[in-house]
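Here is my note on the model you passed along. The points start with single residues and end with the chain as a whole.

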Amino acid sequence: MPLGRGSSDRNGTYAEFVVAKSADIVGIPDKLTFEQAASVPLGALTAWHVVEEAGIVGGQTVIVVGAAGGVGMFAVQFARLKGGTVKGIASARNLDFVNKLGAEGVDYATGATATLAGKADVVIDTAGGNALENAYSFLKKGGLLLTVAGMASAQKAAELGISARASGNRGSQPLGQIAELLASASLSRK
């Protein structure tokens with residue numbers, strides 16, 4: 001069974017059959033079930049593009065807000081593969097999972113996120129709402145906030161001396177690389 005790639009003219013379907021270009025199909029890695037593979041493309045592609053847009057390099061501190069979610073879990077791993085030191089904000093029940101992904105898990109409900117103020121080079125927000133509003137404070141001067149779950153405030157960013165903008169999935173081209181990372185166990189799906 002193939003991992004399907006979406007495009008602007010095929011955003012999803014419940015149809016039994018769909019027409020797709022062969023370049024938009026990637027095989028399921030042997031270690032994944034059909035159900036696991038079906039859950040990969042949207043979250044992984046979105047995370048891939050956000051991490052690429054962030055231009056993360058070794059030694060940078062990256063905070064992923066919503067680190068246990070479908071996009072966040074991949075953002076944590078891709079940022080780590082780029083050499084970032086990753087802190088993942090999640091609920092208490094998901095901290096072990098976030099730690100296993102390679103981030104230092106931080107419980108958003110305990111007030112522990114206050115210790116992150118001014119520490120990050122990059123913040124990737126996958127939660128939106130109040131979490132996005134809080135995320136601005138995590139950045140150092142000159143830092144970058146990218147959100148896939150809300151609208152970034154250019155005015156607030158300018159006042160804080162940071163950059164902030166919306167980001168997201170920009171196409172399916174990297175899906176083959178993502179499948180290779182899953183097959184080689186360099187990337188976790190669970």
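Which residues does V62 touch, not counting residues up to four places away in sequence?

1. The model is a predicted one, and the points below should be read with that in mind. To the question above: V62 touches I56, A79, G84, T85, V86, K87, V122 and I124, with residues up to four places away in sequence left out.

2. V62 is part of strand β3, which covers residues 61-65. The relative accessible area of V62 is 0%. Buried means under 20%, so V62 is classed as buried. As for spacing, G88 lies 26 residues from V62 along the chain, and the two C-alpha atoms are separated by 8.5 Å.

3. The next residue to look at is T147, in strand β7 (residues 139-147). T147 has a relative accessibility of 0% and therefore also counts as buried. The side chain of T147 makes a polar contact of 2.5 Å with the side chain of D125. D125 also appears among the residues that T147 touches once residues up to four places away in sequence are set aside; the others are L132, A152, R165, A166 and S167.

4. Helix α7 spans residues 175-183. Which residues of this helix are buried? They are L175, G176, I178, A179, L181 and L182. Just after α7 comes A185, with a positive phi of about 65°. I would look at the backbone there when going through the model.

5. On the overall fold, the protein has seven helices and eight strands. Of its contacts between residues at least 6 apart in sequence, 54% join residues at least 24 apart. Buried residues account for 45% of the 190 residues.

6. Why does the radius of gyration agree with a compact globule? For 190 residues such a globule would have a value near 16 Å, and the protein has 17 Å, so the two agree. Along the principal axes, the C-alpha atoms fill a box of roughly 50 × 35 × 30 Å.

7. Two remarks on surface and charge. The exposed area of the protein is about 9700 Å², and carbon and sulfur atoms supply 52% of that area. The protein carries 17 positive and 15 negative charges, and the mean positions of the two sets are 5 Å apart.

Technical notes
Residues are numbered from 1 along each chain as its sequence is written. This is a predicted model: local features need pLDDT of at least 70, side-chain atom pairs count only at pLDDT 80 or more; totals for chains, interfaces and linings use all residues. Side-chain values use heavy atoms; hydrogens and water are left out. Helices (H or I, at least four residues) and strands (E, at least two) are DSSP runs, numbered from the N terminus. The radius of gyration is taken over C-alpha atoms; the globule rule is 2.2 Å times the number of residues to the power 0.38. Buried means under 20% relative accessible area, exposed over 50%, partly exposed in between (1.4 Å probe, protein chains only). Contact means heavy atoms within 4.5 Å. Accessible areas come from the Shrake-Rupley method with a 1.4 Å probe; for residues, only the protein chains shown count as cover. Lys and Arg count as positive and Asp and Glu as negative; His and the chain ends are not counted. The place of a charge is taken as NZ of Lys, CZ of Arg, CG of Asp or CD of Glu. A polar contact is a pair of N or O atoms within 3.5 Å; within protein, one must be able to donate a hydrogen and the other to accept it, and residues adjacent in sequence count only if both atoms are side-chain atoms.
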